[in-house]
Structure formats: structure tokens, C-alpha cells
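Please look through the structure below and work through the exercises that come after it.

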Amino acid sequence: VAYDCDYIWVTTSSAVITFNKNTGEQEFISESNSGVSGFIYDIEIDQDGNKWITSSNGLFFLKNNIILRIESEIIDNAVENK
């Protein structure tokens with residue numbers, strides 16, 4: 001679980017979900033095999049509001065509802081050995 005302005009971010013094993021604290025609306029940012037691949041471990045929000053998602057298949061970056069995989073042998077090995 002992570003918090004960002006009016007939103008609560010929740011990760012499950014296969015999805016990233018946002019809940020609007022004011023309206024109660026929820027939105028699926030990534031569902032299984034869409035955007036983030038593998039078993040989702042965690043989501044973190046940095047001081048700039050960027051979302052970072054770790055999964056069994058790597059590190060992903062979410063900005064403007066676009067998910068990008070951060071490709072790095074060092075990061076991939078660290079996540080694999082987590």
C-alpha cells in the first residue's frame with residue numbers, strides 16, 4: 001500500500017489498483033499480463049510522485065498511466081534474488 005495525494009495505491013499478486021480517497025472510485029492500472037508482468041511484490045512512490053513497482057520479472061516505472069520496464073541486468077538480478 002502506498003499513498004499519493006488523493007489516492008491509495010494497492011498491489012496484489014497480479015494487479016495495481018488505485019482508490020480515490022474522496023470519491024471511492026477504483027481503477028486498475030495493471031492487471032495480469034498487462035503492463036507489469038510476473039508476481040507483483042511492491043509499489044513505492046518517490047518524492048516526485050513517480051510510482052515504482054517491483055515484480056518477479058523486474059522493476060517497472062509508472063508515469064502518466066504508462067508503465068515502462070526498467071531494463072538493467074543489475075536490477076533484474078537483484079529482483080530475481082529477492
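The exercises below, each with a worked solution, deal with a predicted model.

**Exercise 1.** Find where threonine 18 is placed, decide whether threonine 18 is buried or exposed, and list what threonine 18 touches.

*Solution.* Begin with the strand: threonine 18 belongs to β3, which covers residues 16–20. Next comes the accessibility, and because the relative accessible area of threonine 18 is 4%, while buried means under 20%, threonine 18 counts as buried. Finally, once residues up to four places away in sequence are set aside, the contacts of threonine 18 are Tyr7, Ile8, Trp9, Glu25, Gln26, Glu27 and Ile29.

**Exercise 2.** Describe the largest pocket, starting from its space and going on to the residues of its lining.

*Solution.* The space in the largest pocket comes to about 260 Å³. Its lining consists of 17 residues, and those closest to the centre of the pocket are Tyr7, Trp9, Thr18, Lys51 and Asn65. Turning to the elements, β2 (7–11), β3, β4 (26–30) and β7 each give two or more residues to this lining, and the one that gives the most is β4, with three residues. Sorted by character, the lining residues are four nonpolar, eight polar and five charged.

**Exercise 3.** Identify the residues of the largest nonpolar core.

*Solution.* This core has eleven residues, namely Ala2, Trp9, Val16, Ile29, Val36, Ile40, Ile43, Ile53, Phe60, Leu62 and Ile67. At least two residues of the core come from each of β5 (40–45) and β7 (58–63).

Terms used: Residues numbered from 1 in each chain as written. Predicted model: local features only at pLDDT ≥ 70, side-chain atom pairs only at ≥ 80, totals over all residues. Heavy atoms only, no water. Helix = DSSP H or I, 4+ residues; strand = E, 2+ residues; numbered from the N terminus. Buried < 20%, exposed > 50% of the residue type's maximum accessible area, 1.4 Å probe, protein only. Contact = heavy atoms within 4.5 Å. Core = buried A, V, L, I, M, F, W, Y, C linked by side-chain atoms within 4.5 Å. 1 Å grid on protein atoms, 1.4 Å probe; cavity = no way out; pocket = protein on both sides within 12 Å on 5 of 7 lines; lining within 4 Å. Points joined across faces, edges and corners; volume = space filled by probe spheres on them. Nonpolar A, V, L, I, M, F, W, Y, C, P; charged D, E, K, R; others polar.
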